[in-house]
Amino acid sequence: MDDDPIARLERLAGPEGTALLERLAVADRDGDAALRLGTALRREHDAGLVADAMAQAGLRDRAARKFARAARMWFTRDGLEQASSEVIARHRAARFAGRAVVDLCCGIGGDLVSLVAAGHEVTGVDLDPVHLWMADRNAAVHGGSARTVRRDVRDADLSGTDGVFVDPARRTGGGRMRTGESEPPLGWCLELERRAGAVGIKAAPGIDHDTVPPDWEIEFLALGRELKEACAWSPALARARTRATVVDDDGVHELQGEPDPPDGDTGIAVGEPGVWLLDPNPAVTRAGLVSALARATGTARIDPRIAFLTGDDEPPATPFARPLRVLDSRPWDQKRLPRLLRELDVGAVDVRRRGLAGDVEAIARKLRGRGSRHATVVMTRVDDRPWGLVCVDPRRGSS
């Protein structure tokens with residue numbers, strides 16, 4: 001068995017390996033079936049090649065959630081975990097319109113392939129030869145090509161480029177780094193503006209706003225209601241201080257503006273919960289744009305520092321928040337809740353918590369009943385008082 005990872009990949013990409021991958025793509029590989037299949041294949045092929053093919057087939061299965069052409073792409077486990085979903089990478093690539101881009105820490109090419117597909121001239125730089133091999137072939141899968149360079153990104157040649165995207169590593173051999181840490185560090189990435197002007201930096205969604213210069217933009221990106229990542233944009237590419245971007249089945253939606261001040265003085269009306277509660281998308285809350293959403297929807301805040309909005313009129317449909325109809329609203333009383341839920345015919349329960357401590361999953365288990373309704377129990381604060389609401393999501397068909 002060849003210990004050279006590139007040689008193993010070349011063999012896997014050759015005729016025998018390609019035939020194996022094609023066979024695995026349509027085979028039953030669940031549970032015991034995978035063991036039987038592996039045994040059968042090792043009678044026909046080298047055991048190392050079979051192991052590599054089965055591992056790659058498994059990664060392609062997982063990658064299908066991120067990439068439309070995953071069945072033909074190449075992945076490592078770490079490369080797939082760090083790669084952005086294709087829809088997010090495609091959205092981000094549009095920000096570099098008309099620019100030649102150097103993709104630093106390009107990995108398996110998650111962003112590189114979207115830049116290539118958008119027609120950019122792209123150079124991918126990474127120190128990992130396996131990832132560069134994969135990035136090159138993944139670009140070809142998307143109908144283009146990219147120049148790939150094996151080099152420490154700190155020594156990358158940026159002459160002649162007018163755009164840089166960098167996705168610094170946030171994992172080590174021991175696991176995920178602490179929030180705010182990366183390699184190269186954020187400070188080094190920010191300095192790229194002096195060399196290239198137009199810079200985008202992928203970051204963890206927990207990035208501290210204060211670590212990004214005030215003339216840069218911080219964009220928080222969510223797939224549906226799941227916050228995925230953030231991106232810092234240099235002044236040449238920035239369009240606002242903060243932006244919440246939600247990607248869903250209807251497309252890409254953006255809300256931008258200045259973040260809410262830390263003292264909570266936003267100029268938005270504050271009042272007790274009414275007939276409706278709006279639960280903002282986590283991209284909105286991380287961007288500090290709850291008050292901007294309140295203005296857009298004509299709603300009020302239930303507390304200056306709590307990210308729930310409310311109103312008596314049904315709020316307009318928005319991709320930036322989940323509407324909940326309030327069945328009950330009163331000071332928080334966990335002991336009385338089971339009886340109240342029975343009275344409201346509630347069975348399945350979700351718990352949403354903002355501003356109060358508590359084990360959400362444990363509370364949900366204790367509150368689960370036999371009623372016909374699915375409800376959301378909201379633990380929060382109103383006028384700095386512990387408060388509880390029982391709500392239904394009209395999109396579930398609850399009445």
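**Notebook: cysteines, aromatic pairs and Thr 376**

I began with Cys 231, which counts as buried because its relative accessibility is 1%, under the 20% limit. I note that the model is a predicted one.

I then searched for disulfides and obtained a count of 0. For Cys 231, I found that the nearest cysteine sulfur belongs to Cys 189 and is 11 Å away, so the pair does not meet the 2.5 Å cut-off. I also looked up Cys 391, which is buried at a relative accessible area of 0%.

Next I looked up Thr 376, which I located in strand E17, residues 373–382. I recorded a relative accessible area of 3% for Thr 376, so this residue is buried. Setting aside neighbours within four places in sequence, I listed its contacts as Arg 322, Leu 324, Asp 350, Arg 352, Leu 389, Val 390 and Cys 391.

I turned to aromatic pairs, of which the whole structure holds 3. One of them joins Trp 74 and Trp 133: I noted ring centres 5.1 Å apart and planes at 85°, so I entered the pair as edge-to-face. I placed Trp 74 in the loop between helix H4 (47–63) and helix H5 (77–82), and Trp 133 in helix H8 (residues 129–141); the pair therefore ties together parts 59 residues apart in sequence. I found both Trp 74 and Trp 133 to be buried.

Finally, I looked for charges over rings. I found Arg 154 over the face of Trp 188, at 5.9 Å from the ring centre. I also found the charged end of Arg 354 over the ring of Phe 308, 4.8 Å from its centre.

Key
Residues numbered from 1 in each chain as written. Predicted model: local features only at pLDDT ≥ 70, side-chain atom pairs only at ≥ 80, totals over all residues. Heavy atoms only, no water. Helix = DSSP H or I, 4+ residues; strand = E, 2+ residues; numbered from the N terminus. Buried < 20%, exposed > 50% of the residue type's maximum accessible area, 1.4 Å probe, protein only. Contact = heavy atoms within 4.5 Å. Phe/Tyr/Trp six-rings, centres within 6.5 Å; stacked < 30°, edge-to-face > 60°. Lys NZ or Arg CZ within 6 Å of the ring centre and 35° of its normal.
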